[in-house]
Amino acid sequence: TQSTWVEHRLAEVTELKPVPGLDYVDGFIKGWYLHEAGEFLDWVREAAGDYTGKQFVGLLNSTPFGANMKRKDRQYLVTKVEEIVGAAEAAKHTHRPVPSSPFANSF
């Protein structure tokens with residue numbers, strides 16, 4: 001597969017095994033090959049914790065899929081990406097109270 005080839009070539013060049021960060025790069029490359037809005041947004045939902053909104057938008061704008069979209073359609077996707085990333089960030093920073101210990105009132 002493509003990622004195996006990339007890993008093999010990077011390992012040869014860097015002499016590092018396993019190559020650090022390969023999953024991060026491989027995931028981003030996979031996003032480049034998506035050709036439908038629904039697929040792209042599904043991938044953004046799955047990877048929202050891994051990349052920033054700017055990275056997703058930059059990727060969208062650099063793909064043949066995104067570059068050939070009508071401006072209005074691309075702006076709609078950009079808005080959706082920002083919403084997804086914003087929701088993921090908010091969920092990451094939401095403080096959840098620690099459940100009380102069953103022994104809290106025992107003493």
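**Figure 1. Glu83 and Lys80 pair within helix H6.** Glu83 is partly exposed, with a relative accessibility of 44%. In this predicted model, the side chain of Glu83 joins that of Lys80 in a salt bridge, with an N to O distance of 3.5 Å. Lys80 is partly exposed too, at a relative accessible area of 26%. The two residues sit 3 positions apart in helix H6, which covers residues 71-93, and this spacing puts about one helical turn between them. As a general reminder, side chains of opposite charge can pair when their charged atoms come close.

**Figure 2. Glu89 and Lys92 form a salt bridge in helix H6.** Here we stay with helix H6 and look at Glu89 and Lys92, again 3 residues apart, or about one turn of the helix. Their side chains meet with 3.5 Å from N to O. Glu89 is partly exposed, at 33% relative accessibility. Lys92, with a relative accessible area of 51%, counts as exposed, because the cut-off for that label is over 50%.

**Figure 3. Asp26 and Lys30 meet in helix H2.** Now for a pair in helix H2, which spans residues 22-32. Asp26 and Lys30 are 4 residues apart there, so about one helical turn separates them. A salt bridge links their side chains, at 3.5 Å from N to O. Asp26 is buried: its relative accessible area is 17%, and buried means under 20%. A search of the whole structure finds 4 salt bridges, including this one between Asp26 and Lys30.

**Figure 4. Thr63 is a buried residue in the loop between helices H4 and H5.** Helix H4 (53-62) comes before this loop and helix H5 (64-67) after it, with Thr63 placed between them. Thr63 has a relative accessible area of 1%. A polar atom of the Thr63 side chain lies 2.9 Å from the backbone nitrogen of Gly66.

**Figure 5. The setting for these close-ups is a chain with 6 helices and 0 strands.** If you step back from the details, the sequence reads as α-α-α-α-α-α. The protein chain has 107 residues, of which 27% count as buried. Among contacts with a separation of 6 or more, 49% come from residues 24 or more positions apart. The chain exposes about 8100 Å², and carbon and sulfur atoms supply 57% of that area.

Conventions. Residues are numbered from 1 along each chain as its sequence is written. This is a predicted model: local features need pLDDT of at least 70, side-chain atom pairs count only at pLDDT 80 or more; totals for chains, interfaces and linings use all residues. Side-chain values use heavy atoms; hydrogens and water are left out. Buried means under 20% relative accessible area, exposed over 50%, partly exposed in between (1.4 Å probe, protein chains only). A polar contact is a pair of N or O atoms within 3.5 Å; within protein, one must be able to donate a hydrogen and the other to accept it, and residues adjacent in sequence count only if both atoms are side-chain atoms. Contact means heavy atoms within 4.5 Å. Accessible areas come from the Shrake-Rupley method with a 1.4 Å probe; for residues, only the protein chains shown count as cover.
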